[in-house]
Structure formats: C-alpha cells, structure tokens
Amino acid sequence: MGDSKQNSTNVADAGANGGSVIEVEGLVTHYGDRQILNGVTMDVRDGEIMVIMGGSGSGKSTLLRHLMALEAKTSGTMRILGQDIDQLGSLEFVELRKKLGVAFQSGALFSSLTVGENVMLPLYEHTDLDRMTMEIMARMKLEVVSLGGFENLMPAELSGGMIKRAAFARAIVMDPKILFCDEPSAGLDPAVASALDDLILAMRDAMRMSIVVVTHELESAFKIADRITILDRGDILMIGTIDEVKKSSNERIYNLLNRVPEEDTMDTDEYLARLTGEELETGSQTL
Amino acid sequence: MAQEPTNSVGRFLDHIGRMTIAGIEEVGNGGVMVAESLYWLIFGHRMKQPVRMNAVIQQMMDIGITAIPIIAMLGGAISVTLAIQGIYTLRIFGAESHVTAGLAFIVVREFAPMITGILVAGRSGSALAARIGTMKINQEIDALKVMGINPVRYLVAPPLIAMLIMVPCLTIMSASVGLFMAGVYINVELGISLAAYLDQIIDILKVEDVFQGLGKSCIYAVEIAVIGVVNGASVRGGAEGVGKATTQSVVQAISAIIVTAMIVVILSTL
C-alpha cells in the first residue's frame, strides 16, 4: 500500500468538505424490553474517519447496525447521504445501499464462492457489466488490499487477516461513499492490525470515503480517527477529536482510555442473597 | 408481561400455548417467503433484480439430478414390496390377478409423491436449512442486505422454484420405475406379461389420478423448501443451533408431507 500519511495532517482536510453524510438524532432502540440506545445524536462528516468506541455492552455494535440500516429503531431520525431512511421506498433504499460498503468483523464472505466471486457479487447483482470487466474490477480491488492473485481461492483457504482484506475488497468494489468497519482489527496480530489501519487511512485519502469504524482497540483508534464517539451504556459520553478525548475530564472516559476496571460496589450480603435465592432481611427461602 | 403460572397444569397449558403461537408465526413467515419469492420471480426483471436462472439451474442439479439414483432405487423397492404384499393379501380371496389395480392407484397417487418428498426433504431440505442457518450465524445474510441484495430473492426463490420443477419430475420418474419394477415381479410371480400389465395400468389410471399425485408433489415441494428456509433463518447459538435446525427441518417436513397426504386423500373422497 505504500507509506501511510500521518493521521494528523488529514484532520483539516477531513473537515474541510463540511456537510454530514450521516445524521442521527434522538436514536432510541430496544431489544425486547431492554433499552440499548438512549437517544443517541451524532453525525459523520464527509471524508472523515469516525471511530465509535465503548466498553462491552455499551451499544456500539447496535449503533453501527443502525447506521448500516440493518435494524429497526424504536424512535429517532436518521439521514444517510441527505436522505431520511424512513421515507425511502424499496427501490430508493437499494440505490442508497449501493453507496454503502460494509466490512463485517468476521468477514462474512460467502463460503460457496471464490474470493473473486465474492468481490464481484455486488457488481454482478447491480450492474450490467460483462464478466470479463467484473473480473478485472475485482482483481483491481484485490490488488488494493494486497490480495492480488488470490481470487481463485475459497474463503476457507484464507487466513484471518486475508479474510478481512477480502471483505474490504468486496465492501469497496462499488466505490461506496461510506464504508463501515466492524472491529477490523479484532483477532489479528499487531502487525496485521497495523497494516489494516494503514489500509483504512489509504482508502479515506485515495478514495475520499467517509469511514465509520467500531473498535475497542485504543491504539488503532488513535491512529486512524479524525473524530471519536464514545458510548457508555447506550449514551454518548463524548464526540471529539483524539486530543479532545484524551484531555476529557469525564471519569468514565478516563477509565475506558486507561483500562481501569469498574469498581465492584456490590454489597456482599446482596451478592450472597442473589446466589442462594434467599430473601435478604427475613432469611426465608424463595425457591 | 403476564405472570408465569405456578402450578404444573398451568405451566403445561402455557407451554402448549406458546408453542402454538410460535408455530403459527412460523407458518406466517413461510407464507410471506413464498409470496415474496413469487413477487421477485414475476416482477424482479422489471426492477432490475431478477431471480437468477443459473442459481435455479444449479439448485435443480443438486435437488433433482443427483437424487435420481436413490429415488429410482427406493421407488422400485417400495413398489415391489407393495406388489408382494398385495399378491399375498389378494391370494386369500383368489383375486391376486387384480393386484395391478391397487398397485397403480397407490403408487401413482400416494407412494411415489410421498417417498420422493421424504427423500428430497432428507437430502435437500436439510441442506437448505443448514446452508441458511450457517449463513445467518456467519452474518452472510446481513452482508446480502447491506449490499442491497434481497435475501429472499437470492436464497429462497431459486431452491423453491427448483423444487417446484424437480419434485414432480422425480415423482414421475419414481412412479415409472416403481411400476416397472413391480411389473417385473408380477410377471415372474403371476405370469402376467409386461405388455398386459401396462395395458391394465393404462385402463385403470385416470388423468385425475396422475394429477392428484403431481399436485401433491408440488405441495410437498413448497413445504420442504419453506420449512427448510424457516428453520435455517431461525438458527441461534452457533453450530449446535445449525444442527438442531437441520434435524428439525427434516422432521417437520416429513410430518407435513404425511399429514398433507392424509388431508388430501380425505378431501378427495368427500
């Protein structure tokens, strides 16, 4: 991929285009009776890399699924590329989807197709290009992610890092305006993870994509982010640049960034009562 | 939320009620998938999202062509068994020469469609459930959605159409092989020539008998495809969930086939 540019030199460029490609206002969502997101309001600007961070169970994956328009929300509004997704008809929704690319955490490559066929699939379904042209385009995208020559392999024959790269190639084959990445570095060794970070930066710079990344890898986040959104228990604690986040005086943000575990504040008697099912004060059995 | 019942009868009835609701929901899901598949088949081209014929043909190969040997063998075995039992029973009344009549009816109207349906359910219905279940846990269905590819158009419509074509074809083959094999046995056992046997079959069978058998095979095809897809789409819990869904789809499809056969034969005799 060549030398990656220092992230800080592109912060000004990322914000210069202005305009938001994603606007979320008051997003509330439930899984059953459990409220997962509590009125999230955020935006993603044109040409920036927005990193969404948070602890386990903070709602970041749920937020990402909503940004990808994969989940139905309880309330709130969401505009993607200027369009309110609740107002779109089915054909308009498909047209919008063609402008989005998604690289899933597990890759989500189709196991019955070769790597090349996986990358070609969006072209096959959404364009009238002939097979040879699609194959050339697929090979070009595989070269971008350093997987040139691997198009005839099956996904089962790839390593974890290669699967993620192939997933990136498929996600960018239609030259999307917005790219979503779910935990791109998860399960990878530091060298491969760093190479993927460089790839994300290169895609923003070379293809002028807006990129939304969900990760809990601090090193990766600080390397690639133009802005960071920090979630905690369904609430947004902060949206800001790397420096703003690092200087935050919020205790929960501090604990997240410095890997301070949550204090165990549970009362011992209450804990024992929960284990045994006994009533705390009377001592009678509840089973 | 309603309170959980505290006594065993209440809990039993609660369990039955919940299972009934879940079953109705599954039937509804299946109906919606069939309707959506037909929608994409008819209107997909107009929306530049057609059901891909090469996917349908690939499914036809998997469901039909590769099943020919086993279905032919089992169709023949069942028909010979029916001929043996038929002759044994009718011999009591000295009417073993009339075995052809019963054999023709039961093979064409019931056993050929049923055996074919059961075999396809075991081979292809389970494979469909496993494929869709695995895709679900690997987020491949989500990947289809985010690429703007409708999962029903891509995953459900091709096997459904392929089953609607191949299951009746396999039924015809199963009945033909079965009647031929039974005819060979009858020729050996009773001395009735194959030509005379064939004449008897043509005299006995009416067009409505053939259509009833083929109609049932079409119903079985839809049941197998829908049950496989619904079970695959409801997978939870990783590989173990896929295994459960696969087993469940076979059991449910075979049960549905047998119950449907009973209902159709009751209705046809009213």
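## A loop residue ahead of strand β7 of chain A

D175(A) lies in the loop that joins α6 and β7 of chain A. The model is a predicted one. Although D175(A) is not a glycine, its phi is positive, near 50 degrees. D175(A) counts as partly exposed, because 13 C-beta neighbours lie inside 10 Å, a number that falls between the limit of 12 or fewer for exposed residues and that of 20 or more for buried ones.

The helix before this loop, α6 of chain A, spans residues 160–172. Helix α6 lies across β6 and β7 of chain A and runs at about 170 degrees to β6(A).

## Strand β7 and its partners

What is the burial state of the residues of strand β7 of chain A? Five of the five residues, 178–182, are buried, so the strand is largely enclosed by the rest of the structure. Side chains leave the strand in two directions: I178(A), F180(A) and D182(A) point one way, while L179(A) and C181(A) point the other way. The residues on both sides are buried.

Strand β7 has parallel pairings with β6 and with β8 of chain A. Strand β6, residues 100–103, pairs with β7(A) over four bridges in the parallel sense, and within this pairing A103(A) stands opposite C181(A). Strand β8, residues 210–214, pairs with β7(A) over five bridges, again in the parallel sense. Here F180(A) is found opposite V212(A) of β8(A). The path from β7(A) to β8(A) includes helix α7, residues 190–207, and the three elements make a right-handed β-α-β unit.

## The six-stranded sheet of chain A

Strands β6, β7 and β8 belong to an open sheet of six strands, arranged in the order β6-β7-β8-β3-β9-β10 in chain A, with mixed pairing. The edge strands are β6 and β10 of chain A, the latter formed by residues 235–240, and each of them pairs on one side only. On average, neighbouring strands of this sheet are turned by 15 degrees against each other, with direction ignored.

Further along the order, strand β3 (residues 49–54) of chain A pairs with strand β9 (residues 227–232) of chain A in the parallel sense over five bridges. One point of this pairing is V51(A), whose bridge partner in β9(A) is I228(A).

## The four-stranded sheet of chain A

Chain A also has an open sheet of four strands in the order β2-β1-β4-β5, and its pairing is antiparallel. The edges are taken by β2 (34–45) and β5 (83–84) of chain A; each has a single partner strand, so one side of each is left without a neighbour in the sheet.

Which strands meet within this order through five bridges? They are β1, residues 20–31, and β4, residues 75–80, of chain A, which pair in the antiparallel sense. In this pairing, V28(A) has S75(A) of β4(A) as its bridge partner.

## Chain A as a whole

The secondary structure of chain A comprises eleven helices and ten strands. Of its 287 residues, 38% count as buried. Contacts in chain A often span long stretches of sequence: among those between residues at least 6 apart, 65% join residues at least 24 apart.

## Chain B and its contact with chain A

Eleven residues of chain B are in contact with 16 residues of chain A. On the side of chain B that touches chain A, the residues divide into five nonpolar, three polar and three charged.

Two residues of chain B illustrate opposite degrees of burial. S249(B) lies in helix α9 of chain B, which covers residues 238–268, and counts as buried because it has 28 C-beta neighbours inside 10 Å. Leaving aside residues up to four places away in sequence, S249(B) touches G125(B), S126(B), A129(B), I227(B), G228(B) and N231(B). D14(B) is 235 residues away from S249(B) along the chain, and the C-alpha atoms of the two are separated by 24 Å.

K48(B), by contrast, is exposed, with 12 other C-beta atoms within 10 Å. K48(B) is placed in the loop between α1 (8–43) and α2 (53–63) of chain B. K48(B) has a positive phi, about 60 degrees, although it is not a glycine.

Key:
Residues numbered from 1 in each chain as written. Chains lettered and ligands numbered in written order. Predicted model: local features only at pLDDT ≥ 70, side-chain atom pairs only at ≥ 80, totals over all residues. Pairing = 2+ DSSP bridges. Right-handed = clockwise from strand over helix to strand, strands pointing away. Contact = placed C-beta atoms within 7 Å. Nonpolar A, V, L, I, M, F, W, Y, C, P; charged D, E, K, R; others polar. Axes fitted to C-alpha atoms, helices over the stretch in contact; angles between N-to-C directions.
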